[in-house]
Amino acid sequence: MFRSRAKTEKAPTAKVTADLSQQPRDPQAPKGRPTPKRSEAQTQRRRASSAPTDRKAATKRQREARRADLARQREALASGDERYLPVRDKGPVRRFVRDFVDSRFCIAEYFLPLAVVILILSVIQVQNIQSISLLLWMGVIILIVIDSIGLSIRLKKQLRERFPDTPKRGAVAYGLMRTLQMRRLRLPKPQVKRGERP
């Protein structure tokens, strides 16, 4: 009760330091370890100076491993080998979505060629051709939207039937993005023919 404040504040820290340092400490070493010999310090310095070359070798090895992985991924995208596909393309759900989309004719896959044709028609300085290009543009967009809605409804239904317990998050969007690519440019390459049901 009548103790000085300095003693009460020092007491808990002394207890903590006593708990932390359980090993007997050399009285001449302030950091809890003996000072290293000169030869040991020099070898440690040499190791520290040689570290960047080891780091360069490690980064070179990592780069080579990354290149090998990318080459394997490219081969897998061309052949459809599931083991080396990127994460977004792996799994039975994604494979089914790819096969489902590849087995159908989609208007969206011809969007880019049609857009180029419509753009060329709209550049021609004839009023009738420009109005036709505008109508074509509207018609293509409406057809793509209708086709995409129908495809997404059918795809959701098939996914619910075939994979009731498997997570299907992002699978429909994955399929719709695949429809926007021309069939011969799709990666992973299509594994089914048109009209062949997956």
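**Exercise 1. Decide whether R98 is buried or exposed in this predicted model, then find its salt-bridge partner.**

Step 1. Start with the cut-off: a residue counts as buried when its relative accessible area is under 20%. R98 has a relative accessible area of 5%, so R98 is buried.

Step 2. Now look for the partner. The side chain of R98 meets that of E82 in a salt bridge, at 3.4 Å from N to O. E82 sits in the loop between α2 and α3 (92-102), while R98 belongs to helix α3, so the pair ties together parts that are 16 residues apart in sequence.

Step 3. Check the cover on the partner. E82 has 26% relative accessibility and therefore counts as partly exposed.

**Exercise 2. Work out which parts of the chain are tied together by the salt bridge of D102 and R178.**

Step 1. Confirm the pair: the closest N and O atoms of D102 and R178 are 2.9 Å apart.

Step 2. Place each residue. D102 lies in helix α3 and R178 in helix α6 (residues 171-179), so this salt bridge ties together parts that are 76 residues apart in sequence.

Step 3. Add the burial: both D102 and R178 are buried.

**Exercise 3. Describe the salt bridge of R186 and E109, and find the network to which these residues belong.**

Step 1. Take the distance: 3.5 Å separates the closest N and O atoms of R186 and E109.

Step 2. Locate the two ends. R186 is in the segment after α6 and E109 in the loop between α3 and α4 (111-123), so that distant parts of the chain, 77 residues apart, are linked.

Step 3. Ask how covered they are. R186 is buried because its relative accessible area is 0%, and E109 is buried too, at 2%.

Step 4. Follow the shared partners: salt bridges join D102, E109, R178, R186 and R194 into one network. The structure holds eight salt bridges.

**Exercise 4. Find the patch of positive charge that includes R67, and say whether R67 is buried or exposed.**

Step 1. On the surface, K60, R63, R66 and R67 gather in a patch of positive charge.

Step 2. Among them, R67 has its place in helix α2 (residues 38-79).

Step 3. R67 counts as exposed because its relative accessibility is 54%, and the cut-off for exposed is over 50%.

**Exercise 5. Summarize the whole chain: how many helices and strands are there, and what share of residues counts as buried?**

Step 1. Count the elements: the chain has six helices and zero strands.

Step 2. Turn to burial: 23% of the 198 residues count as buried.

Step 3. Finish with the surface. The accessible surface comes to about 15,500 Å², and 59% of that belongs to carbon and sulfur atoms.

Methods. Residues are numbered from 1 along each chain as its sequence is written. This is a predicted model: local features need pLDDT of at least 70, side-chain atom pairs count only at pLDDT 80 or more; totals for chains, interfaces and linings use all residues. Side-chain values use heavy atoms; hydrogens and water are left out. Patches are made of residues with over 30% relative accessible area and no salt bridge: like charges are joined within 9 Å, nonpolar side chains (Val, Leu, Ile, Met, Phe, Trp, Tyr) within 5 Å. Accessible areas come from the Shrake-Rupley method with a 1.4 Å probe; for residues, only the protein chains shown count as cover. A salt bridge is a side-chain nitrogen of Lys or Arg within 4 Å of a carboxyl oxygen of Asp or Glu. Lys and Arg count as positive and Asp and Glu as negative; His and the chain ends are not counted. The place of a charge is taken as NZ of Lys, CZ of Arg, CG of Asp or CD of Glu. Helices (H or I, at least four residues) and strands (E, at least two) are DSSP runs, numbered from the N terminus. Buried means under 20% relative accessible area, exposed over 50%, partly exposed in between (1.4 Å probe, protein chains only).
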